[in-house]
Amino acid sequence: MHLIDWLLISLPLLGLLVVALYTRSYLKGVVDFLSGGRMAGRYLLAVAKGEQGVGAVVFVAMFEMISKSGFVLTWWGWLSVPVTLIVAISGWVIYRFRETRALTLAQFFEIRYSKRFRIFTGFLGFAAGIANFGIIPVVGARFMTYFLGLPPTVHLFGWEVATYIPLMAVLLTISLALTLSGGLITLMVTNCLEGMVSMVLFLIIIAFLFTMFSWSEISTVLENRPPGESLLNPFDSMGLKDFNIWYVLMGLFGAVYRTMAWQNQGAYATAAVTPHESRMGGVMANWKGLGNSAIITLLAVCAMTYLAHPDFTVQAAVVKQQVAEIGQPQLQEQMTIPIAVVHMLPEGIKGLLCIILLMGIFGGDGTHLLSWGSLFIQDVILPLRKKPFTPKQHIRLLRASMIGVAVFAFSFGCLFKQTEYVMMWWAVTEAIYVGGAGVAIIGGLYWKKGTTAGAWAGLLTGSSLVTGGIMARQIWGDAFSLNGAQIGFFGAVSACVVYAIVSLLTCREAFDMDRMLHRGRYAVKSEQAFETAPAKRVTWGRLIGFDEHFTLGDKFLAGGLFGWSMLWFSVLVVGSIWNLIAPWPISVWSRFWFVVGIGIPVFFAFVTAIWFTWGGIRDMRLFFSRLRQERPDAEDNGMVVNHHNLSDSSH
């Protein structure tokens with residue numbers, strides 16, 4: 001890092017401080033702190049949520065996966081297109097959850113099932129969440145230690161400590177300060193601004209990478225693989241371990257089953273101005289995601305080329321020597337691509353990437369702190385009280401809980417010894433909760449015969465099987481044949497079966513879904529003012545999830561996404577049949593991925609940078625306008641009385 005890089009980093013940090021102080025003035029009540037007053041539009045939601053996907057730990061996790069699987073996962077990932085699109089366009093789970101007006105998932109569980117179930121799931125989700133989050137600050141800090149060119153150790157108060165430890169403390173402190181300032185109001189606005197800046201910086205870095213590496217150099221490295229482990233030809237990749245077609249198929253089931261169950265972004269599910277806008281936020285996130293992969297994929301394959309191509313032998317030797325100095329084998333493997341990225345980027349460009357990584361860290365860590373800290377107060381402490389907290393008391397407790405989560409994450413990071421890929425660690429820790437909770441969410445929102453007994457049975461079955469699988473993997477290691485993703489999959493399937501059987505055996509009376517979802521005579525008048533005008537006719541669009549709230553523009557956006565994505569599903573089908581009859585040579589696969597894996601994502605990176613910058617600015621203006629007119633309800637705080645939100649009595 002040179003002086004110009006450090007100067008580039010300092011400017012956005014000062015900007016974030018100013019924005020945090022400005023947004024704090026809009027904080028009026030608990031619903032503002034936790035859900036942004038439920039005033040967010042689709043572009044604000046899509047850009048702000050997406051910023052969690054460009055943090056240092058996400059780059060590290062994706063680098064790991066791409067270095068092991070190349071472009072193969074992209075091909076098999078098209079298998080999931082029809083299902084994931086219908087999930088996004090129909091607003092599967094997200095739409096109905098927003099209709100409940102619950103501030104957290106476990107609050108919905110109390111409305112639908114019981115207070116004991118809420119407290120138990122609240123604590124289980126909190127425990128799994130902070131374990132999942134615990135790895136994120138330390139991996140990000142390790143990456144940034146190498147990226148910033150800092151020494152491996154420093155002396156503090158007479159002790160020699162690893163440099164990533166104090167750096168982790170600094171990064172967590174900044175993320176915590178942003179979160180405590182105005183809660184989700186601050187995080188949404190800062191994350192949206194960060195996202196818009198990142199999209200522009202992506203384009204500059206991509207342009208530089210094209211000047212430094214040619215596709216022929218990249219292709220030479222990617223083609224040089226043993227039989228059965230190709231990074232380009234998906235039909236010659238069955239020897240790849242962990243990140244293969246089975247990983248994709250289990251992920252397809254998870255895309256339906258775990259929708260919104262994992263609460264690391266739980267606040268965003270409650271922040272939309274209407275349920276329909278929440279659904280459209282998901283559609284827009286899919287559009288934005290078409291360009292997001294460009295920078296990570298290009299950085300990864302360029303770094304792999306830097307390490308393995310004969311043209312870069314001298315430079316690669318320096319990287320390999322630095323990697324060899326890392327003690328743990330898993331950390332050596334994890335940090336190889338990041339260290340290569342550090343060495344191959346020149347000054348200035350390195351500073352731009354550093355801005356992206358740091359803003360991603362602040363956005364991601366802040367969202368985690370808000371999500372897990374609020375979950376503990378809302379779903380473990382609050383249900384035990386008979387008398388509500390005052391808004392000031394409530395926000396003070398939420399802030400204290402978030403400080404506690406930050407302290408835990410720092411302590412966890414200091415002690416943690418990594419033995420799994422980041423993606424696998426996330427899969428395992430998520431599955432402890434999601435493995436059983438997913439069926440309780442889906443059954444509770446869509447099946448009036450689902451019962452509390454069924455929810456308990458499904459939750460305990462799924463979570464017990466997953467926890468048992470994790471323990472078996474720790475005891476027997478590689479002798480236990482299932483990896484983290486497989487453990488979670490089988491636990492979830494078992495939970496579904498048990499939930500259905502027990503609910504059918506114990507259901508005595510159908511649940512009143514209209515009241516829980518605020519439909520018909522239970523509708524909330526203040527929200528109806530923001531709804532889009534109903535269309536007179538809804539025809540074929542119902543097949544992919546259109547309803548009366550889709551305007552012509554909404555249908556164009558959602559239908560365009562559906563058509564574009566189904567095109568690639570068709571490419572998968574036709575290409576698979578073609579390769580079974582007449583396999584493509586590796587040179588054809590190389591040209592194919594240059595266009596599909598690099599060219600098209602880069603094009604969308606350019607388009608979405610313009611499109612979502614305009615949309616983000618528009619939505620932020622509307623967001624602040626709505627907040628100025630807002631009259632918060634003190635009873636809208638997450639408390640439930642007799643299976644109904646406390647605030648429902650005032651509507």
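**Figure 1. Thr153 and its partner across the β1–β2 pair.** In this predicted model, Thr153 sits opposite Ala162, a residue of β2. The two strands, β1 (residues 153–156) and β2 (residues 159–162), run antiparallel and are held together in the assignment by 4 bridges. As a reminder when following side chains along the view, those of a regular strand alternate between the two faces of the sheet.

**Figure 2. The turn of the hairpin.** Moving along from the paired strands, we get to the turn: β1 and β2 make a hairpin, with 2 residues between them. Phe157 is in that turn, and its phi is positive, at about 50°.

**Figure 3. The whole fold, for context.** Zooming out, the protein has 26 helices and 4 strands. Its radius of gyration is 24 Å, close to the 26 Å that the globule rule gives for 651 residues, so the protein is as compact as a globular protein of that length. Along the principal axes, the C-alpha atoms take up a box of roughly 70 × 65 × 55 Å.

**Figure 4. Inside the protein.** Of the 651 residues, 57% count as buried. Look at contacts with a separation of 6 or more, and 85% of them come from residues 24 or more positions apart.

**Figure 5. Surface and charge.** The protein exposes about 26200 Å², and 67% of that is supplied by carbon and sulfur atoms. As for charge, there are 46 positive and 37 negative side chains. The centres of these two sets lie 10 Å apart.

How values were computed:
Residues numbered from 1 in each chain as written. Predicted model: local features only at pLDDT ≥ 70, side-chain atom pairs only at ≥ 80, totals over all residues. Heavy atoms only, no water. Pairing = 2+ DSSP bridges. Rg over C-alpha atoms; globule rule 2.2 N^0.38 Å. Buried < 20%, exposed > 50% of the residue type's maximum accessible area, 1.4 Å probe, protein only. Contact = heavy atoms within 4.5 Å. Areas by Shrake-Rupley, 256 points an atom, 1.4 Å probe, with all protein chains shown as cover. Lys, Arg positive; Asp, Glu negative; His and termini not counted. Charge placed at Lys NZ, Arg CZ, Asp CG, Glu CD.
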